[in-house]
Amino acid sequence: DLVHRDGMWFLYATIDVPEPELIDPDGFLGVDMGIANIAYDSDGTGYAGATLNGYRRRQLRLRKRLQAKGTQSAKRLLARRRRKEARHATHTNHVIAKTIVTEAARTGRGIAVEKLTGIRDRVRLRKPQRVTLHSWSFHQLGTFLTYKARRAGIPLVQVDPRYTSQTCNRCGHRD
């Protein structure tokens, strides 16, 4: 496809990659998605919490200042900042997904993630917390995990998110 965007021309070329057979996993690497840490696996590794949240808070402050200004150049800067922040979050999600899939492939395990569809409708938050919840890109991270795991031949299952953060992964006790 030939695409014209922001005054530049891009050529999108797609290829078909054959999918390998799924491995028989020796257990599962559980991935808990959250707001403080975007992802936290069952081995105890946390992924991109404070740095991305700090970046988003800074972008929010800059957006507020530019929106209050309201000039034409401020609107141009807002559009550029929006794209830059989206690219930054997408890159972060790619890196996290690649790291998780590489770890699962290295240890011969499958990946178990929370099924978080409809979480914005289920959760009620106070006004200051809404911005944090709605800027959380868990769906994009889940999509990246799915396609990268499929390409690596690793099984990925979605589990019910209730009580996953409160349950011990070794004995199953919930408190």
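**View 1. One aromatic pair is counted in this predicted model.** The partners are Phe-144 and Tyr-147, with ring centres 6.1 Å apart. Their planes meet at 85°, so the pair is edge-to-face. Both residues belong to helix α5. They are three residues apart there, which means a separation of about one helical turn. Phe-144 counts as buried because its relative accessibility is 11%, and the cut-off for buried is under 20%. Tyr-147 has 29% relative accessibility and counts as partly exposed.

**View 2. Asn-93 is a buried residue of helix α2.** Its relative accessible area is 0%. Which residues is Asn-93 in contact with, leaving aside its neighbours within four places in sequence? They are Ile-38, Ser-137, Gln-140, Leu-141 and Phe-144. Phe-144 also appears in the aromatic pair of View 1.

**View 3. The largest nonpolar core has 22 residues.** Met-33, Ile-100, Ile-111, Leu-141 and Leu-145 have the most contacts inside this core. Five elements give two or more residues to the core: strands β3 (28–33) and β6 (110–114), and helices α1 (50–69), α2 (72–107) and α5 (138–152). In soluble globular proteins, nonpolar side chains tend to be buried together.

**View 4. Ile-111 is in contact with residues from several parts of the sequence.** Leaving aside neighbours within four places in sequence, its contacts include Phe-28, Leu-29 and Val-31. Ile-100, Val-101 and Ala-104 are also among them. So are Ala-149, Ile-154, Pro-155, Leu-156 and Val-157.

**View 5. A charge sits over a ring at Phe-10.** The charged end of Arg-5 lies 5.0 Å from the centre of the Phe-10 ring.

How values were computed. Residues are numbered from 1 along each chain as its sequence is written. This is a predicted model: local features need pLDDT of at least 70, side-chain atom pairs count only at pLDDT 80 or more; totals for chains, interfaces and linings use all residues. Side-chain values use heavy atoms; hydrogens and water are left out. A nonpolar core is a set of buried Ala, Val, Leu, Ile, Met, Phe, Trp, Tyr and Cys residues joined through side-chain atoms within 4.5 Å. Buried means under 20% relative accessible area, exposed over 50%, partly exposed in between (1.4 Å probe, protein chains only). Helices (H or I, at least four residues) and strands (E, at least two) are DSSP runs, numbered from the N terminus. Contact means heavy atoms within 4.5 Å. Rings of Phe, Tyr and Trp (its six-membered ring) pair if their centres lie within 6.5 Å; planes under 30 degrees apart count as stacked, over 60 as edge-to-face and the rest as tilted. A charge sits over a ring if NZ of Lys or CZ of Arg is within 6 Å of the ring centre and within 35 degrees of the ring normal.
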